[in-house]
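Colleague: Please take me through one part of this predicted model in detail. I would like the largest pocket, and then the aromatic rings and the helix packing that go with the same chain.

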Amino acid sequence: MDNTDPKDTVRRGYDAVSLRYDEVYGAETKYQSLLGDLRRRVPAGGTVLDVGCGSGVPVARTLAAAGYRVTGIDISEVQVSRARERVPQAEFIHADATAASFDAASFDAVVSFFALIHVPLAEQPPLLRRIAGWLRPGGCFVATTGHGEWTGTEENWLGGGAPMWWSHADAATNREWITQAGLVIEREEFIPEGDGGHALFWAYRP
């Protein structure tokens, strides 16, 4: 396999740091306020797609425990394997989200936390259009994106022995892409991280 392929770099990176990632970023406690907001938006028992589901914690586990029908998709085989073990009541798919296929209007919500930033820039607008098509009318889209423009690699990410690759557009570009996908943005926030941060968008399909 071509080791210069950025998607392969992302896959191998998350395969290498799956456990470490959860430790560093507090998998047991992160996103609680976001998930609380989402539960107030999505009908009880609704369907949720988690794009870049990681190890299934906390997003899939929290939502499945609350009675939602959760599908997760991730490019990392290790992450998906762990998710299946940790959240057996959800469905997990090992695949590249940009090549995934779901029925039109089949989800009440699509969430994607810190995953779009690993998708090549040219593939992000088509993926957003596909996500919009997977949502039912009124369905909710919640995602973190880049806030500042940057594409690059970090060697030995999180001490896992493998590099990681990111591709960020700036917040204004992400805002435009989400709107062009046919979604209506309800609110936008800034999530600080280190010396920078990410944009958080809440949108819906009209």
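Modeller: What follows starts at the pocket, moves to the rings and ends with a helix and a loop.

The model is predicted, so keep that in mind throughout. The largest pocket has a volume of about 410 Å³. Its lining counts 22 residues, and Tyr25, Ile117, Trp166, Glu193 and His198 are the closest to the centre. Several elements give two or more residues to this lining: helix H1 (6–24), strand S6 (150–154), strand S7 (164–168), S8 and S9. By class, the lining divides into 12 nonpolar, 7 polar and 3 charged residues.

Now the rings. Two of those central residues, Tyr25 and Trp166, also belong to a ring cluster. Ring pairs join them with Tyr14, Tyr21, Trp150 and Trp157. The structure holds 10 aromatic pairs. One of them is formed by tyrosine 21 and tryptophan 157, a tilted pair at 5.9 Å centre to centre with 50° between the planes. Tyrosine 21 sits in helix H1 and tryptophan 157 in the loop between S6 and S7, so this pair ties together parts that are 136 residues apart in sequence. Tyrosine 21 is buried, at a relative accessible area of 11%. Tryptophan 157 is buried too, at 5%.

Phenylalanine 102 and phenylalanine 107 form another aromatic pair, this one edge-to-face. Their centres are 5.4 Å apart, and the planes meet at 80°. Phenylalanine 102 is buried, with a relative accessible area of 18%; the cut-off is under 20%. Phenylalanine 107 counts as buried at 6%.

Next, helix H4, residues 77–86. Its buried residues are Gln79, Val80, Arg82 and Ala83. Viewed down the axis of H4, they fall within an arc of 165°, so they line one face of the helix. The spacing rule is general: an α-helix has 3.6 residues a turn, so residues three or four places apart point the same way. Glu77 and Glu85 are exposed on the other side of H4. The cover over the buried residues of H4 includes H1, strand S2 (69–74) and strand S3 (91–94). H1 thus appears in both places: it covers H4, and it gives residues to the pocket lining.

Last, a loop. Aspartate 195 lies between strand S8 (184–193) and strand S9 (196–204). S8 and S9 both contribute to the pocket lining. Aspartate 195 itself is exposed, with a relative accessible area of 89%. From phenylalanine 114 it is 81 residues away in sequence and 17 Å away in space, C-alpha to C-alpha.

Notes:
Residues numbered from 1 in each chain as written. Predicted model: local features only at pLDDT ≥ 70, side-chain atom pairs only at ≥ 80, totals over all residues. Heavy atoms only, no water. Helix = DSSP H or I, 4+ residues; strand = E, 2+ residues; numbered from the N terminus. Buried < 20%, exposed > 50% of the residue type's maximum accessible area, 1.4 Å probe, protein only. 1 Å grid on protein atoms, 1.4 Å probe; cavity = no way out; pocket = protein on both sides within 12 Å on 5 of 7 lines; lining within 4 Å. Points joined across faces, edges and corners; volume = space filled by probe spheres on them. Nonpolar A, V, L, I, M, F, W, Y, C, P; charged D, E, K, R; others polar. Arc of directions from axis to C-beta. Contact = heavy atoms within 4.5 Å. Phe/Tyr/Trp six-rings, centres within 6.5 Å; stacked < 30°, edge-to-face > 60°.
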